[in-house]
Amino acid sequence: MTNPIPPRFPQDSPITQALKTLAPKWGWFVALGLLLLFLGVIASLHILTAAMVSVWFIGVMMIIGGGAQLFHAWGTRPWSSFLLWSISGLLYLAGGMIAFINPLLGAMFLTLLLGATLIGLGALRLWIWFNYRSQEGWSWLALSGLISVVAGLLIAWGWPDNSVFIMGMILTIDLLFQGWGLFFLGLALRNARSE
């Protein structure tokens, strides 16, 4: 009689090999997960500071991205590409400088962008659901789209007063979820190592 439960992954699969490689380092995953959980708790207690840190981080990334685009622009030969990359790089640099120098203004614009993105993505999901609503299981897509639209409208409705709170909460939630994920991945790697 054959075993009705197949193995999780074949022994020679890339996933199995990666897990075997990472298993001895399970403690690092647990430690990093606990550190991120700790930072998430700290961020939840200091929402304003968390918002400023997240906006500064985004500002620094935009400055680096703008510099890279300008560097790329000077390396391109056709003038049409040069102009496009230069304008894009300058806009990135300006946005990054504004976010870094005035994080409150940066938080306001990023929150407005987040609200608009949620409304747009939610509307797109609802439109896709409407076109395929006769298919089984597509009601989940409608629910997802509706939740995104409502979340985007709530963000837009409270804007700009909610800007700092929203940015701080996003960083807090991200840290907590990453922390839990890495913590449990480390525990899973420890268990895989002992098997």
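**Seven helices, one question at a time**

Q: How do you know that the reach of α3 fits what is expected?
A: Helix α3 has 29 residues and reaches 42 Å from its first C-alpha to its last, which is close to the 42 Å expected at 1.5 Å a residue. The expected span is 1.5 Å times one less than the number of residues.

Q: What kind of model is this, and how are the residues numbered?
A: It's a predicted model, where local features need pLDDT of at least 70 and side-chain atom pairs count only at pLDDT 80 or more, while totals for chains, interfaces and linings use all residues. Residues are numbered from 1 along each chain as its sequence is written, and side-chain values use heavy atoms, with hydrogens and water left out.

Q: How many helices and strands does the protein chain have?
A: Seven helices and zero strands, so the pattern along the sequence reads α-α-α-α-α-α-α. Both kinds of element are DSSP runs numbered from the N terminus: helices are H or I with at least four residues, strands are E with at least two.

Q: Why is S54 called buried?
A: S54 is found in helix α3, and its relative accessibility is 9%. Buried means under 20% relative accessible area, exposed means over 50%, and partly exposed is in between (1.4 Å probe, protein chains only). Since 9% is under 20%, S54 counts as buried. S54 has company in α3, where the buried residues include I47, A50, G59 and A73.

Q: Which residues does S54 touch, leaving out those up to four places away in sequence?
A: M167 and L171. A contact needs heavy atoms within 4.5 Å. There's also a partner on the backbone side: the C-alpha atoms of S54 and G168 are separated by 7.4 Å, although these residues are 114 apart along the chain.

Q: What makes S86 a buried residue?
A: S86 is found in helix α4, and its relative accessible area is 10%. That value is under the 20% cut-off, so S86 is buried. Leaving out residues up to four places away in sequence, S86 touches L70 and A73. L70 and A73 are themselves among the buried residues of α3.

Q: Why is A94 called partly exposed?
A: A94 sits in helix α4 at 36% relative accessibility. That falls between the 20% and 50% cut-offs, so "partly exposed" is the right label for A94. The C-alpha atoms of A94 and M62 are separated by 8.6 Å, with their positions 32 residues apart along the chain.

Q: And why does G27 get the label "partly exposed"?
A: G27, in helix α2, has a relative accessible area of 33%. Again the value is in between the cut-offs, so G27 is partly exposed. G27 and L189 are 162 residues apart in sequence, but 8.9 Å apart in space, C-alpha to C-alpha.

Q: How do you know that the buried residues of α2 are on the same side?
A: Helix α2 (residues 26-45) has 20 residues and reaches 29 Å, close to the 28 Å expected. Its buried residues are F29, V30, G33, L36, L37, G40 and A43. They cover an arc of only 150° around the axis, which puts them on the same side of α2. The arc is taken from the directions from the helix axis to the C-beta atoms. On the other side of α2, W28, F38 and L45 are exposed.

Q: What makes the buried residues of α6 share a side?
A: In α6 (residues 139-158), the buried residues are A142, G145, S148, V149, G152 and I155. They cover an arc of only 160° around the axis, which puts them on the same side of α6. The face turned away from that buried side carries exposed W140, I147, L154 and W157. An α-helix has 3.6 residues a turn, so residues three or four places apart point the same way.

Q: How are the residues lining the second largest pocket divided by polarity?
A: They are seven nonpolar, two polar and no charged. The lining consists of I58, M62, G95, I98, A99, G106, F109, L110 and L113. Ala, Val, Leu, Ile, Met, Phe, Trp, Tyr, Cys and Pro count as nonpolar, Asp, Glu, Lys and Arg as charged, and the others, Gly among them, as polar. Helix α5 gives the most to this lining, with four residues.

Notes
On a 1 Å grid over the protein atoms alone, a cavity is a set of points where a 1.4 Å probe fits but cannot get out, and a pocket is an open set with protein on both sides within 12 Å along at least five of seven lines; lining residues have an atom within 4 Å of a point.
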